Amino acid sequence: MISAIAAMLRQMSLRGDAIVGLQIANTVESVLTLLAVLRAGLIVMPLPLLWGRAEIVSALSQVGAHALIVSGRIGKTNHVDLAMQLAAETFSVRFVCAFGRNSHDGVVSLDDVLASTKPGSPPLAQSVNAGPPGPGTRLAVVTWDVTSDGLVPVARSHAEVIAGGLAIPLESRLPQDAAILSTLPTSSFAGLATAIVPWLLTGGRLALHHPFDLATFATQCSASDTVIVPGVLAAALVEAGHLRDEHGVRRVIGIWRAPERLFRATPWQHPALALTDVQVFGEIGLLAARRNSSGLPAAIKFGPVPAPSEEPGALIVAQLRRTESGTLALAGPMVPRTAFPAGAERARLPTLKLLADGFTDTGYACRPDSMIVTEPPRGLICVGGYRFVPGDLEAVVNGIDRAATLAALPDALAGHRLAGAAGDRCQVAYELMRLGVNPLIAGAFHADGPAADDRGRRT
């Protein structure tokens, strides 16, 4: 099936460095398509599932994507209709492909491709990416970070993606033929490194859960030995009986998209389930560490980070140091070394903060004596796995209603939750959806959502 999709992409005569955008639900189609794009010798660019028209048009235009592949529908959103609008607004996009039933002229049906095309072995495209020859150094994946300066594309080679994924099975002691269940979409470096790469390296089985259905999740757990969930939910799922060693689960991998919350977590009190914490620093990199015998998060030292930790001769997966401004900087085989696209820094586009010594500044404040994150990057609001720039939110909302306000309220699970106040909240929500903004923003003004007064207090 991967070869069939790859063959179709090669028939489009896309050049070897063409970027293909993906916005697909956390289902098997996302993995098939991601691997097919790579097999065709192209560059895959997964897009966050809640991104709307405004964000996607900006991303596609910034990197000059040539094709877009989407799910037919995710929830109430018809992504085929959305993809056609995106293609009309983005000059570089030449092809739109989709899974599921669709009746749009000009949309390539991947369901038809899988049903009618015999698997083959498409030739590897000749890449013109910069760097020495060899498949490992070719650009493979572009993911998107959000900084206080705006959207930042982060490009990685095949070798850098694999290096990030190596840290997870080594530190969590994944066995060969592991049965992995992941609730994390493949639209980020963390999703690729914690699920896709370990699955391929161990030669096991991968199950994907598009959050959230409790009955389906329980069924999937019964056939899995390793479960990947948000770190803030791991203990609650175990205590509620949804993650149990009697079901066959042996390992839990907790993903901390807000790593400053990790060291405030309660001790892990479930010795039958080995917990590995994965701290995620946007799209720059990640760090994995098993909980210690007391159930507390393991302290990671500055300098080389081995995996498995505390083992002599272990593989060095990252380098850590503290910057003069008190923030954490990363380097190593998983961390991108150059800005993307080429020349972005000269064009004054938002880029990664690459330091002169080869490190990249994550923006996360940390303690001077040990790698314990204390604060998130300044100038950002984090809602679950999504980041927002407050000034951008205010500009969008005030463009619709100058009297409207939007506040970020603390939330025990998501970090923050957006709450809006306006004379006609439903009308503001409708206009925001019409503009194609992230539904988390529009949802702040829904009639049944939380409200904030003009001082940003919850009402």
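Colleague: Which residue in β12 is the bridge partner of Ile180?
Modeller: In this predicted model, Ile180 has Thr226 as its bridge partner in β12.

Colleague: How do strands β10 and β12 pair, parallel or antiparallel?
Modeller: Parallel, over 3 bridges. Strand β10 covers residues 179-182, and strand β12 covers residues 226-230.

Colleague: What holds paired strands together in general?
Modeller: Backbone hydrogen bonds, in either a parallel or an antiparallel arrangement.

Colleague: What is the strand order in the open sheet of 6 strands?
Modeller: The order is β11-β10-β12-β13-β14-β15. The pairing in this sheet is mixed.

Colleague: And which are the edge strands?
Modeller: β11 (205-208) and β15 (285-290). Each of them pairs on one side only. From one strand to the next, the twist averages 20°.

Colleague: New topic. Strand β19: is it largely enclosed or not, and why?
Modeller: Strand β19 spans residues 360-366, and 6 of its 7 residues are buried, so the rest of the structure largely encloses it.

Colleague: Which way do β18 and β19 run, parallel or antiparallel?
Modeller: Antiparallel, joined by 3 bridges. Strand β18 is residues 327-331. Ala329 has Asp361 in β19 as its bridge partner.

Colleague: What about β19 and β20?
Modeller: Those two pair in the antiparallel sense as well, over 2 bridges. Ala365 has Glu375 in β20 as its bridge partner.

Colleague: How many residues sit between β19 and β20 in their hairpin?
Modeller: There are 6 residues between them.

Colleague: Let's do the core. Which residues touch the most other members of the largest nonpolar core?
Modeller: Leu9 and Ile69 do, out of 77 residues in that core. Helix α7, residues 189-202, gives the most to this core, with 8 residues.

Colleague: What does Ile69 touch?
Modeller: Leaving out residues up to four places away in sequence, its contacts include Leu9, Val20, Leu22, Ile24, Phe99 and Leu110. Gly21, Gln23, Thr33 and Cys97 are also on the list. There is also a second, separate core of 49 residues. Among its members are Ala25, Ile43, Val93 and Phe445.

Colleague: What tends to happen to nonpolar side chains in soluble globular proteins?
Modeller: They tend to be buried together.

Colleague: Now charges. How many salt bridges does the structure hold?
Modeller: It holds 11 salt bridges. One of them pairs Asp145 with Arg387, with the closest N and O atoms 3.0 Å apart. That pair links distant parts of the chain, 242 residues apart. Asp145 is in strand β8 and Arg387 is in strand β22.

Colleague: Are Asp145 and Arg387 buried or exposed?
Modeller: Both are buried.

Colleague: And where are Arg321 and Asp357 in the chain?
Modeller: Arg321 is in strand β17, and Asp357 is in the loop between β18 and β19. Their side chains meet in a salt bridge, at 2.7 Å from N to O. Arg321 is partly exposed, with a relative accessible area of 25%. Asp357 is partly exposed too, at 43%.

Colleague: What separates Glu431 and Arg434?
Modeller: About one helical turn, because they are 3 residues apart in helix α11. They form a salt bridge, with the closest N and O atoms 2.7 Å apart.

Colleague: Why does Glu431 count as buried?
Modeller: Its relative accessible area is 17%, and buried means under 20%. Arg434 is at 48%, so it counts as partly exposed. Elsewhere, Glu171, Arg173 and Glu311 are joined into one network by salt bridges that share partners.

Technical notes
Residues numbered from 1 in each chain as written. Predicted model: local features only at pLDDT ≥ 70, side-chain atom pairs only at ≥ 80, totals over all residues. Heavy atoms only, no water. Buried < 20%, exposed > 50% of the residue type's maximum accessible area, 1.4 Å probe, protein only. Helix = DSSP H or I, 4+ residues; strand = E, 2+ residues; numbered from the N terminus. Pairing = 2+ DSSP bridges. Axes fitted to C-alpha atoms, helices over the stretch in contact; angles between N-to-C directions. Core = buried A, V, L, I, M, F, W, Y, C linked by side-chain atoms within 4.5 Å. Contact = heavy atoms within 4.5 Å. Salt bridge = Lys/Arg side-chain N within 4 Å of Asp/Glu carboxyl O.
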